[in-house]
Amino acid sequence: ISASGHKFGESVCGTGWVVWRQRQDLSDTVAISVSYLGGKADSYTLNFSRPASGIFVQYYKFHRLGRRGYQALCDNRMSNAKYLRDSLKAFKHSDGRPKFTMLDAGDTNCLPVVTAQLNPDLKLPYDDIDLQHQMLQHHWYVSGYKMSFHDPTDEATKALFTDAPKDRTMFRVVVKANVTRPMMDNLVTALHSCVAGMDSLGPGFKSMHEPKKQKTAHKGHAC
């Protein structure tokens, strides 16, 4: 089991967790027995020497917050994630069809991470990475991703998933503990504003930004 300590454990960047259910599942290539201070000890780090600040912060937070404290933080994150997810589901195109397609596991079966994409059936002249760049104007960074990868063996761009073509895109929002409901309202308002702005340009948006996309090829968009 692995998780991000700096996203969900309230520790500093670079801190992560990994938990093995049983000792035999821990590979000997990871748990290395070393001679240390006159005895034998197992080293569980990948490079042996790593900064310890994240571990100390995590240890303090475990004691400071406890189970009830972390439960309250998790409940708040999940509630805000549900609020954003419901707002995206309620977002409609001009013809009444959903503007977004949800890709995550829903309100109770996943982390507080909202994952979606602009509805492919709408055949919009912009994509989720265009949305990412427009959201920057509102001081929000909504991570957009291409659902493809560049294969260095044959220099070809290939689909990352078996059930989606290589030209699809998606975005995600990681809901952290410092996000409040007014902040979520601001994020939803910014999404509406950006989508309305791109819709108002129609095909003109694509004609303005397509040359920039072509220059970056598989490396990403630079709109």
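**Close-up views of a predicted model**

**View 1. Strand β7 meets β10.** Strand β7 (residues 143–146) runs antiparallel to β10, and 4 bridges join the two. To find your way into this pairing, start at K146, whose bridge partner in β10 is T169. As with every view here, please keep in mind that this is a predicted model.

**View 2. β10 also pairs with β6.** β10 takes part in a second pairing, this time with β6, again in the antiparallel sense and again over 4 bridges. A handy landmark is V114, which has V173 in β10 as its bridge partner. When you follow either strand by eye, it helps to recall that in a regular strand the side chains alternate between the two faces of the sheet.

**View 3. T115 and its surroundings.** T115 is found in strand β6. Is this residue buried or exposed? T115 has a relative accessibility of 14%, so it counts as buried, the cut-off for that class being under 20%. Leaving out residues up to four places away in sequence, T115 touches M102, L103 and D104 along with M170, F171 and R172.

**View 4. The hairpin of β8 and β9.** Strands β8 (residues 148–151) and β9 (residues 156–159) run antiparallel and are joined by 4 bridges. One of the partnerships to look for is H150 with T157 in β9. The hairpin has 4 residues between its strands, and E155 takes a positive phi there. That phi is near 60°, in a residue other than glycine. Most residues other than glycine have a negative phi, so a positive value is worth a second look. E155 is found in the loop between β8 and β9, and its relative accessibility of 56% is why it counts as exposed.

**View 5. A positive phi at K123.** K123 is not a glycine, yet its phi is positive, at about 50°. Where does K123 lie? It lies in the loop between β6 and α3 (128–135). Its relative accessibility is 72%, so K123 counts as exposed.

**View 6. The bend in helix α2.** If you trace helix α2 (residues 53–90) from end to end, its end C-alpha atoms span only 43 Å, whereas a straight helix of 38 residues would span 56 Å at 1.5 Å a residue. Where does α2 bend? The bend is at G66 and comes to about 90°.

**View 7. What covers α2.** The buried residues of this helix are G54, Q58, G69, Y70, R77, N80, A81, L84, R85, S87 and L88. Their cover includes the helices α1 (5–8) and α4 (181–201). Strands contribute too, among them β2 (16–18), β5 (100–102), β6 (113–118) and β10 (169–174).

**View 8. Aromatic rings.** How many aromatic pairs does a search of the whole structure find? It finds 4. In the pair of F91 and F100 the ring centres are 5.3 Å apart and the planes stand at 80°, so the arrangement is edge-to-face, planes over 60 degrees apart being counted that way. Both F91 and F100 are buried. Elsewhere, ring pairs link W17, F62 and Y70 into a cluster. Y70, a member of that cluster, is also one of the buried residues of α2.

**View 9. A charge over a ring.** Here the charged end of R181 sits over the ring of Y83. The distance from that charged end to the ring centre is 4.4 Å.

**View 10. S2 beside W17.** S2 has its place in strand β1 (residues 2–4). The C-alpha atoms of S2 and W17 are separated by 5.4 Å, although the two residues are 15 residues apart along the chain. Apart from its neighbours within four places in sequence, S2 is in contact with W17 and V18. Is S2 buried or exposed? S2 counts as exposed because its relative accessibility is 62%.

**View 11. The whole chain, for orientation.** Stepping back from the close-ups, the secondary structure comes to 5 helices and 10 strands. The chain has 223 residues, and buried residues make up 35% of them. Of the contacts with a separation of 6 or more, 57% are between residues 24 or more positions apart.

How values were computed:
Residues numbered from 1 in each chain as written. Predicted model: local features only at pLDDT ≥ 70, side-chain atom pairs only at ≥ 80, totals over all residues. Heavy atoms only, no water. Expected span 1.5 Å × (residues − 1). Bend = angle between axes of the 7 residues up to and from the residue. Buried < 20%, exposed > 50% of the residue type's maximum accessible area, 1.4 Å probe, protein only. Contact = heavy atoms within 4.5 Å. Phe/Tyr/Trp six-rings, centres within 6.5 Å; stacked < 30°, edge-to-face > 60°. Lys NZ or Arg CZ within 6 Å of the ring centre and 35° of its normal. Pairing = 2+ DSSP bridges.
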